[in-house]
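Ready for a few exercises? Have a go at each task before you read the solution below it.

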Amino acid sequence: MKKASALLLALLMVLSVFTGCGSSDSGSKEADTTAADTGAAEAGESADAAADSDWSYIEGKGEMIVGITLFAPMNYEDENGELIGFDTELTKAVAEKLGVSVKFQQINWDNKEVELQSKNIDCIWNGMCITEERKQNMGITNPYLHNTQALVMKADRQEEIMKDVSGLTVVAEQGSTGEGKLLGTIPDDDTVEVSAKDYFSKSNYVAVDSMAKALMEVKAGTADIAIVDSVCALAMVGEGTDYEDLVVNLDNNFGSQEYGIAFRKDSDMVEKVNTAIEELYAEGVVDQIAEKYGLSEMLIK
């Protein structure tokens, strides 16, 4: 009996040891599985974050595609066909800080948001006025330049036109702030002294595909008035320009605007570009570029 009891006890001890090892292995396997699952989840989250990051997308291809239209002094071609302008140079300076190249791509301004969302371009950097609607649809940087809407007309007709615009043909770039003000799709705010929608209620409006085209229509006599950004009008019209016979009229205040740079909604590029521009201000680069293009007084610092 004693021998049997001893054998039974020894057997129970052996079983206990094996059972304990089994429990330990199982726990280890469960821990390993949990750690693997956690790692996979974290890797998945990182991959998702990278997929959602505009910066990762742009950095990965090494190039930022910038949607523009041609108009001075923001983005335009010199006599040699080289692209120059305030926005052109500022874009290049920011891209250099970010370590990516820049490709400027001309777009139809009315389709700018579609081009952006479809990733045909990575940003809109072309004297774009900030509006509430655009802020809802895109990520927009801090404002960097002041703007208003100007009326451009033949110099020898200015007195006649400013007396009464009834029945006259007015042109503006399709999708522009000028068009929005005239049609009322961009609401008036407390900076407005004269409502463009009311002012031109008895005029005939025709949309064109660029601000430069709007000026050409007036010069050719196929339109009486062009509504364009004052930044554009003051640079492109007057003595020494192709539009010496035209005049810029700022008598009516249709409201103040501010230029911003647009990226896709919730893009992390907004913060990166804001930071880069702040650094360029501190280095004096922004002021130098603005002075070169006569925009020093319009800068928003």
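Let's start with a term we'll need: on a 1 Å grid over the protein atoms alone, a cavity is a set of points where a 1.4 Å probe fits but cannot get out, a pocket is an open set with protein on both sides within 12 Å along at least five of seven lines, and lining residues have an atom within 4 Å of a point. This is a predicted model, where local features need pLDDT of at least 70 and side-chain atom pairs count only at pLDDT 80 or more, while totals for chains, interfaces and linings use all residues. Residues are numbered from 1 along each chain as its sequence is written, and side-chain values use heavy atoms, with hydrogens and water left out.

**Exercise 1. The cavity**

Find the largest cavity and say which residues lie nearest its centre.

*Solution.*
- Step 1: The structure has 1 cavity of 30 Å³ or more.
- Step 2: The largest cavity has a volume of about 60 Å³; grid points are joined across faces, edges and corners, and a volume is the space filled by probe spheres set on the points.
- Step 3: Its lining has 13 residues, and those nearest the centre are Trp-109, Gly-127, Glu-173, Met-211 and Asp-229.
- Step 4: Strand 5 gives the most to this lining, with 4 residues.

**Exercise 2. Strand 5 and its partners**

Work out which strands pair with strand 5, and in which sense.

*Solution.*
- Step 1: Count the elements: the protein chain holds 12 helices and 12 strands. Helices (H or I, at least four residues) and strands (E, at least two) are DSSP runs, numbered from the N terminus.
- Step 2: Strands pair if DSSP finds at least two bridges between them. Strand 1 (residues 63–68) runs parallel to strand 5, with 2 bridges, and Gly-67 has Ile-124 as its bridge partner in strand 5.
- Step 3: Strand 12 (residues 256–264) is antiparallel to strand 5, joined by 3 bridges. Here Met-128 has Gly-260 as its bridge partner in strand 12.
- Step 4: Buried means under 20% relative accessible area, exposed over 50%, and partly exposed in between (1.4 Å probe, protein chains only). Since 7 of the 7 residues of strand 5 (residues 123–129) are buried, the strand is largely enclosed by the rest of the structure.

**Exercise 3. Strand 10**

Is strand 10 enclosed or open, and which strands does it pair with?

*Solution.*
- Step 1: Strand 10 (residues 225–229) has 5 of its 5 residues buried, so it is largely enclosed by the rest of the structure.
- Step 2: Strand 7 (residues 145–154) is joined to strand 10 by 4 bridges, running antiparallel, and Gln-149 sits opposite Asp-229 in strand 10.
- Step 3: Strand 8 (residues 169–173) pairs with strand 10 in the parallel sense over 3 bridges; there, Ala-172 is opposite Ile-227 in strand 10.

**Exercise 4. Three residues in helices**

Describe the surroundings of Ser-230, Asp-54 and Lys-92.

*Solution.*
- Step 1: Ser-230 belongs to helix 10 (residues 230–236) and is buried at 5% relative accessibility. Contact means heavy atoms within 4.5 Å. Leaving aside neighbours within four places in sequence, Ser-230 touches Asn-147, Thr-148, Gln-149, Ala-150 and Leu-250.
- Step 2: Asp-54 is in helix 2 (residues 54–61), and at 6% relative accessibility Asp-54 is buried too. Its side chain makes a polar contact with the side chain of Arg-264 (3.1 Å). A polar contact is a pair of N or O atoms within 3.5 Å; within protein, one must be able to donate a hydrogen and the other to accept it, and residues adjacent in sequence count only if both atoms are side-chain atoms.
- Step 3: Lys-92, in helix 3 (residues 86–98), is partly exposed, with a relative accessible area of 43%. Lys-92 and Val-102 are 10 residues apart in sequence, and their C-alpha atoms are 6.6 Å apart.

**Exercise 5. The pocket**

Which residues are closest to the centre of the largest pocket?

*Solution.*
- Step 1: The largest pocket has a volume of about 630 Å³.
- Step 2: Of its 26 lining residues, Ile-130, Thr-131, Glu-132, Glu-133 and Ile-186 are closest to the centre.
- Step 3: Helix 4 (112–117), helix 5 (132–137), helix 7 (177–183) and strand 12 each supply at least two lining residues.
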